[in-house]
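Reader: I am new to this and would like to learn how to read a structure like this one. Could you walk me through it?

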Protein chains: 2
Amino acid sequence: MTTILIADDHPLYRDALRGALSQPLNSITLVEACDLPETVSVLEQQEVDLLLLDLHMPGSQDLFGLLHIRKLFPDVPVAIVSGTEDPAIISKIIGVGALGFIPKTASKQNIKDAIQAILAGDIWLPENISDKVESVDESFSQLAEQVASLTPSQYKVLCYMRDGLLNKQIGYNLDIAEATVKAHVTAIFRKLGINNRTQAVLIASQLELEPPAH
Amino acid sequence: MTTILIADDHPLYRDALRGALSQPLNSITLVEACDLPETVSVLEQQEVDLLLLDLHMPGSQDLFGLLHIRKLFPDVPVAIVSGTEDPAIISKIIGVGALGFIPKTASKQNIKDAIQAILAGDIWLPENISDKVESVDESFSQLAEQVASLTPSQYKVLCYMRDGLLNKQIGYNLDIAEATVKAHVTAIFRKLGINNRTQAVLIASQLELEPPAH
DNA sequence: AAGCACATAAGACTTTAGTCTGAAAAGTGT
DNA sequence: ACACTTTTCAGACTAAAGTCTTATGTGCTT
């Protein structure tokens, strides 16, 4: 019995994925989520054998969200579903720990192949670009490691910093004291090897892959 | 007599452009620049009838640099040369005031056509994507307008802010007092409708179009 | 000549940011 | 049970950010 979690904010595409999965694969359980917090919540509650994650979900923040998931649930295989087909971006996705990349233009047969490969422990990429995917450069993987070393609370604080909030506002949102926020901020700076919040915001927004579409 | 300025940091591609231009068009003068400050310097010194601008030049910062050029020299027609072919990005480029977009994969004939069209005052786009280019949404064009309203000094200060520098360091780099930097920073906040530097950095980095390649 | 935008900057001030020390509670894994 | 990490936060402090006011000089426009 295999459990697959579909995390995508687009209901229609969730339907399409469900359709592509239910037919070829039997004895699977499908679970769905439409934003990042919900995805985390599902992963906490039940065992999941494969996560199909859309990079552009609300709260996901592209690679930033993927790093977060990888950090919290290192044992859950993750395949990224996205509309992008840029080899440079796909390289980074793989470099950050995803086991596969499924373009939204993939056929049902491709999706089926991909999922079976990933469930078997392989890395799966679209054929036409698998040779274009290179290993990411050292500075990026170092950055990814540093961001991945953040604790969940530190991650949340960094998310709010990236939205331009003051420490006081972050504390209000997370329902903790400003002193605690400051403690987290200092810890983040240490781990990222920086010394002010502007640099932290820059690092966080470097993990965005596309310009904001809205 | 027509003067064309080629601004591209890649010497080989400058050569290629030069080759594509010297043959079909006669009675033109070619000038070259390899980074943004040099481009500005050339535009200050001589009349230029067309600027072929690479978005990814050192110091250029993508749309940020284009906005800067458009602000300083609103009468100089600008065509963007870039490797991207993403319609969303091209839409923004046109929305920010460029008169044309020439993909780096364009043929000599295409380049010739493009330049003649733009010199004649038309907007030129690659055929295969000209129908996919949409008008950019209101919030983005409003953002672009606000950034374009910055004075040259304010632009420079924002550039340094975006690099994570302190006011004191910015003052040292620009050889002005920290008090002056603060005055500029406050003016920038007013124009952008924000109240702290984190938000300024976010706006500036939203005008980046691709993740840093290096 | 007068007006205007811009750049420069000092002074005084309030508010955030950020560090350091220390400490207590809660959870995690062995 | 023990060690370890994480989260929480206070107090005291230094540094930086940001506002407001005022002012001088320059260059450009009308």
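Reader: Which helix supplies the largest share of the surface near DNA strand C?

Author: A word on the basis first. This is a predicted model, where local features need pLDDT of at least 70 and side-chain atom pairs count only at pLDDT 80 or more, while totals for chains, interfaces and linings use all residues. Residues are numbered from 1 along each chain as its sequence is written, chains are lettered from A and ligands numbered from 1 in the order in which they are written, and side-chain values use heavy atoms, without hydrogens and water.

Helices (H or I, at least four residues) are DSSP runs numbered from the N terminus, and a residue is near a strand if one of its heavy atoms lies within 4 Å of it. Here H9(A) gives the largest share of the surface near DNA strand C, with 4 residues.

Reader: Which residues come nearest to DNA strand C?

Author: Of the 17 residues around this strand, the nearest are Lys182(A), Thr186(A), Arg197(A), Thr151(B) and Ala177(B). Of the strand C atoms within 4 Å of the protein, 74% belong to sugar or phosphate and the rest to bases.

Reader: How do I read a polar contact with DNA strand C?

Author: Look for a pair of N or O atoms within 3.5 Å; within protein, one must be able to donate a hydrogen and the other to accept it, and residues adjacent in sequence count only if both atoms are side-chain atoms. In this model, a polar side-chain atom of Lys182(A) is 2.9 Å from a base oxygen of DNA strand C. Ala177(B) instead uses a polar backbone atom, 2.6 Å from a phosphate oxygen of that strand.

Reader: And which residues are closest to DNA strand D?

Author: Thr151(A), Ala177(A), Thr180(A), Thr186(B) and Arg197(B) are the closest of the 17 residues that surround DNA strand D. Sugar and phosphate make up 73% of the strand D atoms that come within 4 Å of the protein. For DNA strand D, the largest share of the nearby surface, 4 residues, comes from H9(B). A polar side-chain atom of Thr186(B) lies 2.9 Å from a phosphate oxygen of DNA strand D.

Reader: Is Thr39(B) buried or exposed?

Author: Buried means under 20% relative accessible area, exposed over 50%, and partly exposed in between (1.4 Å probe, protein chains only). Thr39(B) is buried because its relative accessible area is 0%. This residue sits in helix H2 (residues 36-45) of chain B. With contact meaning heavy atoms within 4.5 Å, and not counting residues up to four places away in sequence, Thr39(B) touches Leu5(B), Ala7(B), Ala33(B), Leu51(B), Met57(B) and Ile69(B).

Technical notes
Helix = DSSP H or I, 4+ residues; strand = E, 2+ residues; numbered from the N terminus.
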